[in-house]
Amino acid sequence: MDNADSRRVRAQALEQGRMLFAQECEFVRGAADLGGIPATKLPEVAFVGRSNVGKSSLVNALTGRKTLARVSNTPGRTREINFFRLGGRLMLADLPGYGYARVSKADSAKWTELIFAYLAGRPNLRRVVLLIDSRRAPLPQDVEVMDLLDRAAVSYQLVLTKVDKLKPTELKNVEAQTKAESERHTAAYPEMAATSAETGEGIAELRASLAALAIR
Ligand code: GDP
């Protein structure tokens with residue numbers, strides 16, 4: 001492919017991402033246990049990260065609306081997996097945040113149990129997007145979740161959040177560190193994304209990469 005061709009392919013992918021995420025994103029339901037997880041044949045992408053990593057902001061930036069994040073931050077729903085249908089072509093699963101300092105050991109064990117059960121029994125799950133705060137990347141808790149995803153043999157993509165807070169040299173270091181960590185994990189997807197919900201950096205590219213998983 002020459003340069004003009006690859007530019008055309010990239011522009012097409014960006015346009016497909018834009019079109020998909022411009023479509024209706026409707027709340028399907030929240031699931032506190034395995035029984036609550038909706039049956040679907042649609043391909044699914046799950047978002048996961050530490051509390052405060054910027055998950056709601058990123059999902060708002062991707063969908064250009066506040067519905068998804070508002071539902072997911074409603075008290076009672078923050079411990080659930082919240083499912084959304086995007087344009088009838090892709091399911092989005094917003095997994096509860098982890099690593100919140102005041103959570104008890106029992107709650108944290110419950111989190112792991114729900115997530116592991118979900119991951120192990122979801123044949124339509126195409127990818128997990130694991131969010132990493134670029135100022136703190138990656139913390140031991142993030143590495144634990146990477147280990148869990150490796151064990152569940154679910155492919156996941158690391159996405160750095162809040163990159164507007166870093167200088168270019170700092171970002172390079174964090175990217176190198178995160179890449180080195182991801183290379184230690186069997187199920188990590190080699191392509192990493194750097195995003196900012198604040199400036200919109202990396203958002204169109206992430207939309208394009210997720211649109212490739214949606215049904216036509
Ligand atoms: P969640 O708990 O993972 O859903 O995190 P939120 O989306 O609620 O964000 C946590 C905090 O980080 C909030 O104060 C946001 O304003 C801030 N934040 C989120 N994304 C960004 C970003 O891209 N850039 C900056 N500078 N701040 C962000």
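This report walks through the fold of one protein chain, from its overall shape to its sheet and two picked residues.

**Overall shape**

Keep in mind that this is a predicted model. The protein chain holds seven helices and seven strands. Read from the N terminus, the elements go α-β-β-α-α-β-β-α-β-α-β-α-β-α, and the radius of gyration of the protein chain is 17 Å, close to the 17 Å that the globule rule gives for 216 residues, so the chain is as compact as a globular protein of that length. If you want a box around the protein chain, its C-alpha trace spans about 55 × 40 × 30 Å along the principal axes.

How much of the protein chain is buried? Buried residues account for 48% of the 216 residues. On the outside, the protein chain exposes about 11100 Å², and 51% of that area is supplied by carbon and sulfur atoms. Take the contacts between residues at least 6 apart in sequence: 77% of them join residues at least 24 apart. As for charge, the protein chain carries 32 positive and 25 negative side chains, and the centres of the two sets lie 4 Å apart.

**The sheet**

Now for the strands. Seven of them build an open sheet with mixed pairing, in the order S1-S3-S4-S2-S5-S6-S7. Strand S1 (25–31) and strand S7 (193–194) stand at the edges with a single partner strand each, so one side of each has no neighbour in the sheet.

Strand S5 (residues 125–133) sits between S2 and S6 in the sheet order. Eight of the nine residues of S5 are buried, so this strand is largely enclosed by the rest of the structure. Here are three of the strand pairings, side by side:

| Strand pair | Sense | Bridges |
|---|---|---|
| S2 (residues 44–49) and S5 | parallel | six bridges |
| S5 and S6 (residues 156–161) | parallel | six bridges |
| S1 and S3 (residues 81–86) | antiparallel | six bridges |

Some bridge partners are handy for finding your way around. Phe-47 has Val-129 of S5 as its bridge partner. On the S6 side, Ile-132 is partnered by Leu-160. Out at the S1 edge, Phe-27 has Phe-84 in S3 as its bridge partner. As a general point, side chains in a regular strand alternate between the two faces of the sheet.

**Two residues to click on**

Let's start with Thr-178, which belongs to helix H6 (residues 168–183). Is Thr-178 buried or exposed? With a relative accessibility of 0%, Thr-178 counts as buried, because the cut-off for buried is under 20% relative accessible area. Which residues does Thr-178 touch? Leaving out residues up to four places away in sequence, Thr-178 touches Ala-137, Pro-138, Leu-158, Leu-160 and Met-192. Leu-160 has come up already, as the S6 bridge partner of Ile-132.

Glu-205 is the other pick, and helix H7 (residues 203–211) is where to look for it. Glu-205 is partly exposed, at 37% relative accessible area. Again leaving out residues up to four places away in sequence, Glu-205 touches Arg-10 and Leu-14. How far apart are Glu-205 and Pro-140 in space? From C-alpha to C-alpha, Glu-205 and Pro-140 are 28 Å apart, with their positions 65 residues apart in sequence.

Terms used: Residues numbered from 1 in each chain as written. Predicted model: local features only at pLDDT ≥ 70, side-chain atom pairs only at ≥ 80, totals over all residues. Heavy atoms only, no water. Helix = DSSP H or I, 4+ residues; strand = E, 2+ residues; numbered from the N terminus. Rg over C-alpha atoms; globule rule 2.2 N^0.38 Å. Buried < 20%, exposed > 50% of the residue type's maximum accessible area, 1.4 Å probe, protein only. Contact = heavy atoms within 4.5 Å. Areas by Shrake-Rupley, 256 points an atom, 1.4 Å probe, with all protein chains shown as cover. Lys, Arg positive; Asp, Glu negative; His and termini not counted. Charge placed at Lys NZ, Arg CZ, Asp CG, Glu CD. Pairing = 2+ DSSP bridges.
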